[in-house]
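Thanks for making time this morning. I would like to walk through one structure, and I will begin with a cysteine before turning to the sheet and the helices around it.

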Amino acid sequence: MQTYFPQFFTATIYKWYPLLKESQVKDIIIESMVFLAQNQRVFIHAFVIMDNHIHIIWKIRTPHLQKNVQRDFLKYTAQQIKFYLQRKNSEIIELCKVNHNDRKYMIWQTNSMSVDLYTEKVYNQKLDYIHNNPIKAKYCEKAEDYIYSSADYYYLNKSKWKFINNEEE
């Protein structure tokens, strides 16, 4: 049986385009995280959704495999983002056209990153990094004021996002 450490997962939008700028697109990411948590594929400890990338601290739950969870998450969110942008007649989706055999559009860059968080010190560094991302980008002055983040869970002991869970298996 595979056991996992919490992981710091980062996915970046193709060519850093701001495809995640609109709240409706951010909600696609949220809905996918809700699905993963409710279907017991992951424990989601923390997250932030920026305009062109996301960071998540999650722990893959057994018997699921990390590569499958990440693949399914990225594939599903890419499809939903593409569908949303096409329905909206957004010109930005045209920037994501690619000439690949297996796809017409590229939403996520292929180099998503996942790092095991073996120690509490590194875990806390990544947690701070996630929550300070919106401040650094000048989206807000206080981390807990940025809605598409888990900062309010950590700083105010409350959260709009019910899928945040630091429990262990």
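**Cysteines, sheet and core**

Let me start with Cys-96, which has 0% relative accessibility and therefore counts as buried, where buried means under 20% relative accessible area, exposed over 50%, and partly exposed in between, with a 1.4 Å probe and protein chains only. Cys-140, at 14% relative accessibility, counts as buried too. A search of the whole structure finds zero disulfides, a disulfide being a pair of cysteine sulfur atoms within 2.5 Å.

Before going further, I should say that this is a predicted model, in which local features need pLDDT of at least 70 and side-chain atom pairs count only at pLDDT 80 or more, while totals for chains, interfaces and linings use all residues. Residues are numbered from 1 along each chain as its sequence is written, and side-chain values use heavy atoms, with hydrogens and water left out.

Now to the sheet. It is open, and its four strands come in the order β2-β3-β1-β4 with antiparallel pairing; helices (H or I, at least four residues) and strands (E, at least two) are DSSP runs numbered from the N terminus, and two strands pair if DSSP finds at least two bridges between them. Because β2 (42-49) and β4 (113-116) each have a single partner strand, they stand at the edges, and one side of each is left without a neighbour in the sheet. On average, neighbouring strands of this sheet are turned by 20° against each other, direction ignored, with axes taken as lines fitted to C-alpha atoms, for helices over the stretch in contact, and angles running from 0 to 180 degrees between N-to-C directions.

What joins β2 to β3? Seven bridges do, between antiparallel strands, with β3 covering residues 53-60, and the two form a hairpin with three residues between them. Within that pairing, Ile-44 stands opposite Trp-58 and Val-48 stands opposite His-55. β3 also pairs with β1, again in the antiparallel sense, over six bridges, and there Phe-8 stands opposite Ile-57.

Is β3 buried or exposed? Eight of its eight residues are buried, with His-53, His-55, Ile-57 and Lys-59 on one side and Ile-54, Ile-56, Trp-58 and Ile-60 on the other. Part of the setting is helix α2 (residues 66-87), which lies across β1 (7-12), β2, β3 and β4 and runs at about 145° to β3.

Turning to α1, the buried residues include Val-25, Ile-29, Met-33 and Leu-36, and what covers the buried residues of this helix includes β2, β3 and α2. Met-33 touches Ile-44, Phe-47, Ile-49, Ile-56, Phe-73 and Phe-163, not counting residues up to four places away in sequence, where contact means heavy atoms within 4.5 Å.

Met-33 also appears in the largest nonpolar core, where, of the 53 residues, Met-33, Ile-54, Trp-58, Phe-73 and Trp-108 touch the most other members; such a core is a set of buried Ala, Val, Leu, Ile, Met, Phe, Trp, Tyr and Cys residues joined through side-chain atoms within 4.5 Å. At least two residues of this core come from each of β1, α1 (23-38), β2, β3, α2 and α3 (120-136).

I will finish with Ser-150, which sits in the loop between α3 and α4 (151-155) and, at 0% relative accessibility, counts as buried. Leaving out residues up to four places away in sequence, Ser-150 touches His-45, Ala-46, Phe-47, His-131 and Ile-164.
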